[in-house]
Amino acid sequence: MARIHYSNSSMKTSLLLAASTAALLCSCGHLPFSSNSSKMNVTTKPFGTTKKGQTVELYTLTNATGASVDIMTLGGTITSIKVPDRKGHLGEVVLGFDNLHDYEEKSPFFGCITGRYANRIAKGRFTLDGSSHMLATNNGPNHLHGGKVGFDKMVWQAKPLRNNSSVGLELTHTSPDGDEGYPGALFAKVTYTWDSHNELTVQYEATTTKPTVLNLTNHSYFNLADAGASPVLNHQLTLHAGAFTPTDATAIPTGEIRQVAGTPFDFTAPHTLGERINANDQQIKYGLGYDHNFIVDGRPGHVRPCASVYEPTTGRVLTIETDQPAVQLYTGNFLDGIKGRNGATYSKRHAVCLETQHYPDSPNQPAFPSTVLRPGETFESTTTMRFSTHK
């Protein structure tokens with residue numbers, strides 16, 4: 001079978017290990033573990049019922065150090081990541097809600113799998129092999145994150161996984177031909193793997209029955225200080241990206257590839273997010289801050305450094321590696337005081353998103369890397385988020 005090359009040997013090894021050690025939940029909601037991995041665990045509990053009557057489960061992946069990741073089956077959504085600060089105290093680092101109702105009613109894509117096409121497609125339309133396809137316009141004049149009922153609103157099928165060094169969750173979903181206007185029935189699989197080095201690896205796989213376009217990512221909102229209670233302006237960001245794609249006023253790339261040197265978009269050396277976020281720059285004005293696609297240095301299809309974020313008060317560091325061509329930097333510019341977990345108020349710039357991805361609007365821009373997936377091909381991609389501390 002032909003493959004779109006977004007994999008590497010380590011990912012394939014991980015997939016084989018995960019598949020070979022997959023286990024069903026026992027009646028108590030825990031996976032059976034051998035003594036050498038007894039400190040690693042997967043548990044599950046009900047998380048409510050959707051408006052359509054579908055049962056949603058919440059899975060908790062806990063590693064040998066006690067750090068954990070919570071994932072619910074609605075949208076394959078990461079609802080919680082608890083990792084240590086420099087003093088060893090575990091704390092929440094992503095924004096989220098306490099209950100399913102809030103995720104259904106008011107979530108701005110917190111922690112979810114976005115697709116079929118993450119980010120934007122201009123005017124909700126594209127042409128593929130001479131056929132025109134119309135999509136929902138749910139972001140001004142444009143199509144955003146898969147449409148009105150994208151992958152974030154689907155209840156995925158889940159299977160817990162483990163091996164000697166990690167625990168995980170395999171999620172699958174079949175999107176029918178014509179779903180939200182996209183051609184082809186699409187089978188998607190997303191695997192989350194959590195290890196005792198506090199590394200969360202997200203692996204994507206998809207096949208289609210007709211030529212289609214595809215762009216998958218995870219849309220977690222990070223705040224390494226206090227899980228969204230305060231702004232992220234003191235977070236120090238490094239991006240391994242020497243160029244970005246400027247946009248028009250509706251956040252659609254113009255087609256230009258612009259070098260970041262000498263601009264507020266240069267994070268090739270560490271800068272705080274707040275240092276230039278109000279710069280007198282037209283691109284900053286368009287996004288009300290940062291909401292732009294950066295081109296990751298190096299060869300797409302190979303896992304390489306993408307970004308790192310350091311929060312000085314807690315010492316927490318988030319490091320991201322990916323095989324994707326690009327990453328969307330978004331600084332929560334449209335958070336509007338939404339009430340979140342434990343009554344926290346999530347206001348403007350209280351989070352940072354780093355969405356590994358293909359370029360926005362690639363189906364309409366031939367000069368951009370292709371997002372076309374054809375029958376007989378398999379889309380594969382991997383992104384790793386590593387949490388550590390700086391002493």
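**Exercises on a predicted model**

G289 touches I277, Q283, I284, T331, N333 and R349, leaving out residues up to four places away in sequence; touching, or contact, means heavy atoms within 4.5 Å. This is a predicted model, where local features need pLDDT of at least 70, side-chain atom pairs count only at pLDDT 80 or more, and totals for chains, interfaces and linings use all residues. Residues are numbered from 1 along each chain as its sequence is written, and side-chain values use heavy atoms, with hydrogens and water left out.

**Exercise 1. Place G289 and state its burial.**

Start with the secondary structure. G289 sits in the loop between α3 (282-287) and β22 (291-295). Helices (H or I, at least four residues) and strands (E, at least two) are DSSP runs, numbered from the N terminus. Next, take the relative accessible area. For G289 the value is 0%, so G289 is buried. The classes are buried under 20%, exposed over 50% and partly exposed in between (1.4 Å probe, protein chains only). Last, look along the chain to T209. G289 and T209 are 80 residues apart along the chain, and their C-alpha atoms are separated by 40 Å.

**Exercise 2. Do the same for P375.**

P375 lies in the loop between β29 (372-373) and β30 (377-389). Its relative accessibility is 41%, so P375 counts as partly exposed. Now list its partners. Beyond neighbours within four places in sequence, P375 contacts T208, T209, K210 and P211. Take T208 from that list. P375 and T208 are 167 residues apart in sequence, yet 5.3 Å apart in space, C-alpha to C-alpha.

**Exercise 3. Describe the nonpolar cores.**

Define the term. A nonpolar core is a set of buried Ala, Val, Leu, Ile, Met, Phe, Trp, Tyr and Cys residues joined through side-chain atoms within 4.5 Å. The largest one has 59 residues, and I81, L239 and L329 have the most contacts inside it. Strand β14 (residues 186-195) gives the most to this core, with five residues. Zoom in on L239. Its contacts, not counting residues up to four places away in sequence, include F267, F294, V327 and L354. A second, separate core has 19 residues, among them L58, M72, F110 and Y221.

**Exercise 4. Characterise the whole fold.**

Count the elements: three helices and 30 strands. Then compare sizes. The radius of gyration is 20 Å, close to the 21 Å that the globule rule gives for 391 residues, so the protein is as compact as a globular protein of that length. The radius is taken over C-alpha atoms, and the rule is 2.2 Å times the number of residues to the power 0.38. Finish with burial: 57% of the 391 residues count as buried.
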